[in-house]
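Work through the exercises below with the sequence and the model open side by side. Each task is followed by its solution in steps.

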Amino acid sequence: MVAKLVFVLLVASFGLALGQREPSIEVLTALKELQPRYREIQDFVINRLTDARLNSSQVIFNFHTDVIDSKDRYVRATIDEEDQLVGILERQPEAIDRTCLGFVRSSVDMNVNLVGVSYTNCIVRVDDALAGIVADFYQTIQADETQYTGSDLFGAFRGENIFHAPDSIVQKLTEKLEELRDNPTYIATELFDMIVEFEVELGQVKEGYDGCLESGTQLLRNALDIARTQVVQVCQGQLEPEVDPSTTLAA
C-alpha cells in the first residue's frame, strides 16, 4: 500500500514538473521551427553569390582578353616600326658607311628593347591593380556570405536560462523568425551594383594600361625618327631608294 502511494506521488510529481517545464520545451520547438529558415536563406544567398562569382569571372575574362589584345596590337606595331627602319638600313647603297649604319641599327635595337622594358612595367602595374581589385571584390562577397551562414542561430540563448526564463528565449526566437520571414532579395541588386562597379574599375585599369603602352610607343617613335634623321644627316644615306634615271626615261 505504501509502495503504491509512493508511486502515485512520484507520477504526480513528474507530471507537475513536466507541466512546469513546458515553456522550456516550447523553446526547443521554436528553435526547431527557426532552424530550416536559416538553411533556406543561406541557400538563397549562396545562389545569388554564385551568380555574382560567375559574372565576375566573365568580367575578369573579358578584361584579360582586352589587355592581351592591346598588348598584341602594340607589340606587332612595334615590330612593324622596327622592320620599316631596318628595311631602310638594308636598302642603303653600297657607298654608304656600313659602320655608321651599324651604329644606327644598334640604336634601333636598343630603343626597341627599352620599349620592351616599358611594356613590362605597364603589364606589371595592371597585374598589381587587378590583384587588389579582385581581392577587395571577393572579400566583400565573402562578408555577404558570412552574414547569412546561420552563425547567430543560437544567439537567443546568450545571457538567458532555458529553465528560469524560457519565455524570453521564445520571444527572441519568434522575433528572429519574423525577421527572416522574407528572402533578402535586395542582395541581388547589391551584387549587381558590385559587379558593375567591379567592371568599371577594371575598365579604368585597362584605360591606364593603354595609355602606358601609348607613352612607351611614342618614345620609340621619337627614337626611330631620330634614327631616320641620323641615316640621312650622319651616315649620308637616304630614306627612299634612288630612282634610276634610265628607267624613268624608258617609262
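**Exercise 1. Which residues are linked in a network of salt bridges?**

Solution. Glu81, Glu214 and Arg221 are linked in such a network. A salt bridge is a side-chain nitrogen of Lys or Arg within 4 Å of a carboxyl oxygen of Asp or Glu. The structure holds 11 salt bridges.

Before going on, note the conventions. This is a predicted model, in which local features need pLDDT of at least 70 and side-chain atom pairs count only at pLDDT 80 or more, while totals for chains, interfaces and linings use all residues. Residues are numbered from 1 along each chain as its sequence is written, and side-chain values use heavy atoms, with hydrogens and water left out.

**Exercise 2. Describe the salt bridges of glutamate 40, aspartate 51 and glutamate 160.**

Step 1. Glutamate 40 pairs with arginine 37, the closest N and O atoms being 2.6 Å apart. Both lie in helix H2, three residues apart, about one turn of the helix. Helices here are DSSP runs (H or I, at least four residues), numbered from the N terminus. Glutamate 40 is partly exposed at a relative accessible area of 44%, whereas arginine 37 is buried at 12%. Buried means under 20% relative accessible area, exposed over 50%, and partly exposed in between, with a 1.4 Å probe and protein chains only.

Step 2. Aspartate 51 meets arginine 48 in a salt bridge at 4.0 Å, N to O. These two are also in helix H2, three residues apart. Aspartate 51 is partly exposed at 38%, and arginine 48 is partly exposed at 24%.

Step 3. Glutamate 160 and lysine 172 form a salt bridge at 2.9 Å, N to O. This pair links distant parts of the chain, with glutamate 160 in the loop between helix H3 (98-147) and H4, and lysine 172 in helix H4, 12 residues apart.

**Exercise 3. Check the span of helix H4 and find which of its residues are buried.**

Step 1. The expected span is 1.5 Å times one less than the number of residues. For the 14 residues of H4 (residues 166-179) this should be 20 Å, and the end C-alpha atoms are 20 Å apart, which agrees.

Step 2. The buried residues of H4 are Pro166, Ile169, Val170, Leu173, Lys176 and Leu177. Seen down the axis, they fall within an arc of 125 degrees, so they line one face of the helix; the arc is that of the directions from the helix axis to the C-beta atoms. Asp167 and Glu179, on the other side, are exposed.

Step 3. The buried residues of H4 pack against helix H2 (22-90), where contact means heavy atoms within 4.5 Å. Serine 24, in helix H2, touches Ile162, Phe163 and Pro166, not counting residues up to four places away in sequence.

**Exercise 4. Which residues form one aromatic cluster?**

Step 1. Phe137, Tyr138 and Phe198 form the cluster. Rings of Phe, Tyr and Trp (its six-membered ring) pair if their centres lie within 6.5 Å; planes under 30 degrees apart count as stacked, over 60 as edge-to-face and the rest as tilted.

Step 2. The structure holds two aromatic pairs. Phenylalanine 137 and tyrosine 138 are edge-to-face, at 5.2 Å centre to centre and 85 degrees between the planes.

Step 3. Phenylalanine 137 and phenylalanine 198 have ring centres 4.5 Å apart and planes at 25 degrees, so the pair is stacked.
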